[in-house]
Amino acid sequence: MKEKEQFFLKIYNLGIIKFGNFTLKSGMNSPIYIDFRPIASRPDLLIKLSDLLLHEVSSTNFELICGVPYAALPIATTLSLRSNIPLIIKRKENKGYGTKRVIEGIYKKGQNCLIIEDVITSGDSLLKTVIDLEKEGLIIKDIMSILDREQGGTENIKKRGYNIRTLFRIGEVLKMLEKKHFLKKKKIHMIQFFFSKKNIKNLQRISYEEKKEKISHPIGKKLIDITLKKKTNLIVSADLVHSKNILKLVDLIGDRICGLKLHVDIINDFSFSFINSLKNISIEKKFLLLEDRKLCDIGPTNYLQLHYGIYKISSWADIITAHVLAGSGSIQNLNIPSSMGLITISEMSSCGRLSDDNYIRRALNISLKNPKVIGTVAQRKVDDRLLLFTPGVHFSHEKNLSSYIHPTQAFEKNGSDFIIVGRAIYQSNNPKIAAEEYSNAGWKAYENGL
């Protein structure tokens, strides 16, 4: 124990623990962020860490080593060199060129692979690596982590039948730092209180009623009220190019949706007569109009696109979407009317998307700080102060440009609040029945997740 303590104090001096307000990969806010990547710049500490990890592994009955991308890769590499066990590399996504492989290296089906993770919170990113390796026919029995945040991730992994060991636990780390007077008792107790409350249960979804209390914008509250009254969390994407077809569709499905998503710039015969008719149906059948404009420019240009031009979106839309690639200033001074809410795009559902976890965390932080934002589009659990909208939802898993997910996965795994379904409904033989099926599936998945 003394050897481990001395080692941790050395790496602590590298700044691996930061204190403040952070959004984790899981979408949860935390007063502490732990990052082991600085160790990669200290070969002596990498070697020491790999030796400590090898000592903790119950056996060496494995033929391959793989690190969860990307923070654990240098650690797994050093472990491979110290143990003389081959390394394979897991990508977060395929390259999109060449062999397009997700797993790089020399391996064969049936080999046992030890997985190395740096920090475990919910265990979701670790499980993604496990699934991808198992798809290649590799056997996963043992997992080794440097630090367990003790927020339910380890228990989640064990329940799935994997052996997992951790070098450090957050509780013992905080005791070490308190013992050495590296942190004031007040800060230690504040962090300890956070970890005593923020366990895996907090990663599960809360009810719409509870969510409504956390949402400050009136449009966000209105959307939740509609959802509760109609018992549907379905938003239909009407990517149709003729106004009469859109009106025909909403007349069929309006009773089963809480929102209709449009791309007005694809409508060949756009007119305000069409908008007025659509507005009347939305009021009658009680659903909101979402214009998926995806504003993606600097603030002044976004402002003009919202208020001017032939569409004059701000005069009729209840909700509009926006990217935040240009930074927080791009959505700060849009002069959005109080009757309109903003949804940011933090993470798209398309294969080969360029946004990484760092971008997504920053987009979520921007979203939380802007009072006009009611929610975000993402493929993961986010802070409960944001409504989560999940596109790319489909009962089947077709090979296409989007990575389709089932409504159950959207709610139970990703913690979604609203599912967005397009072609599966408007291209079906009977859109009314299809909308009812997706509406029922979404509501059932929501209730099962409580």
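**Exercise 1. Place Ala 40 in the predicted model: find its contacts and its surroundings.**

Solution.
- Step 1. Leave out residues up to four places away in sequence; Ala 40 then touches Leu 46 and Pro 74.
- Step 2. Locate the residue: Ala 40 sits in the loop between strand S2 (29-34) and H2.
- Step 3. Check the exposure. Ala 40 has a relative accessible area of 40%, and is partly exposed.
- Step 4. Take a C-alpha distance. Ala 40 and Ala 71 are 31 residues apart along the chain, and their C-alpha atoms are separated by 9.0 Å.

**Exercise 2. Work out the strand order of the open sheet and name its edges.**

Solution.
- Step 1. Read the order across the 6 strands: S5-S4-S3-S6-S7-S8. The pairing is mixed.
- Step 2. Look for strands with a single partner. These are strand S5 (103-104) and strand S8 (163-169), so each has one side without a neighbour in the sheet.
- Step 3. Add the helix. Helix H3 (residues 73-83) packs on the sheet and touches strand S3 (64-67), strand S4 (87-90), strand S6 (112-120) and S7. The direction of H3 makes about 160° with that of S3.
- Step 4. Inspect the S7 to S8 pairing. Strand S7 (residues 139-148) and S8 run parallel, joined by 6 bridges. Ile 143 stands opposite Ile 164 in S8.

**Exercise 3. Describe the partners and the two faces of S3.**

Solution.
- Step 1. Count the bridges to S6: S3 and S6 pair in the parallel sense over 4 bridges.
- Step 2. Count the bridges to S4: there are 3, and these strands run parallel.
- Step 3. Follow Gly 67 to both neighbours. Gly 67 stands opposite Ile 116 in S6. In S4, its bridge partner is Ile 89.
- Step 4. Recall the strand rule: in a regular strand the side chains alternate between the two faces of the sheet.
- Step 5. Sort the residues by face. Leu 64 and Cys 66 lie on one side, Ile 65 and Gly 67 on the other. All four are buried, and both faces of S3 are covered.

**Exercise 4. Analyse three of the 19 salt bridges: where do the partners lie, and are they buried or exposed?**

Solution.
- Step 1. Start from the principle: side chains of opposite charge can pair when their charged atoms come close. The cut-off here is a side-chain nitrogen of Lys or Arg within 4 Å of a carboxyl oxygen of Asp or Glu.
- Step 2. Take Glu 56 and Arg 165. Their closest N and O atoms are 3.1 Å apart. Glu 56 is in helix H2 (residues 43-56) and Arg 165 in strand S8, so the pair ties together parts that are 109 residues apart in sequence. Glu 56 is buried at 15% relative accessible area, whereas Arg 165 is partly exposed at 40%.
- Step 3. Take Asp 292 and Lys 261. Their closest N and O atoms are 2.9 Å apart. Asp 292 belongs to strand S11 (residues 288-295) and Lys 261 to strand S10 (residues 259-262), so parts 31 residues apart in sequence are tied together. Asp 292 is buried at 6% relative accessibility. Lys 261 is buried at 8%.
- Step 4. Take Glu 347 and Arg 380, with closest N and O atoms 2.9 Å apart. Glu 347 is in the loop between strand S13 (341-345) and helix H13 (357-369); Arg 380 is in the loop between strand S14 (373-377) and strand S15 (387-390). The pair ties together parts that are 33 residues apart in sequence. Glu 347 is buried at 4%, and Arg 380 is buried at 12%.
- Step 5. Look for linked pairs. Lys 211, Lys 381, Asp 384 and Asp 417 are linked in a network of salt bridges.

**Exercise 5. Trace the closed barrel.**

Solution.
- Step 1. List the 8 strands in order: S9-S10-S11-S12-S13-S14-S15-S16. The pairing is parallel.
- Step 2. Get the turn between neighbours. It is 25° on average, direction ignored.
- Step 3. Zoom in on one pair. S15 and strand S16 (residues 418-421) run parallel and are joined by 2 bridges. Phe 389 has Phe 418 in S16 as its bridge partner.

**Exercise 6. Find the largest cavity and its lining.**

Solution.
- Step 1. Apply the volume cut-off: 1 cavity of 30 Å³ or more is counted.
- Step 2. Read the volume of the largest cavity: about 40 Å³.
- Step 3. List lining residues, among them Asn 61, Phe 62, Cys 113 and Lys 141.
- Step 4. Assign strands. S6 and S7 each supply at least two residues of this lining.

Notes:
Residues are numbered from 1 along each chain as its sequence is written. This is a predicted model: local features need pLDDT of at least 70, side-chain atom pairs count only at pLDDT 80 or more; totals for chains, interfaces and linings use all residues. Side-chain values use heavy atoms; hydrogens and water are left out. Two strands pair if DSSP finds at least two bridges between them. Contact means heavy atoms within 4.5 Å. Axes are lines fitted to C-alpha atoms, for helices over the stretch in contact, and angles run from 0 to 180 degrees between N-to-C directions. Buried means under 20% relative accessible area, exposed over 50%, partly exposed in between (1.4 Å probe, protein chains only). On a 1 Å grid over the protein atoms alone, a cavity is a set of points where a 1.4 Å probe fits but cannot get out, and a pocket is an open set with protein on both sides within 12 Å along at least five of seven lines; lining residues have an atom within 4 Å of a point. Grid points are joined across faces, edges and corners, and a volume is the space filled by probe spheres set on the points.
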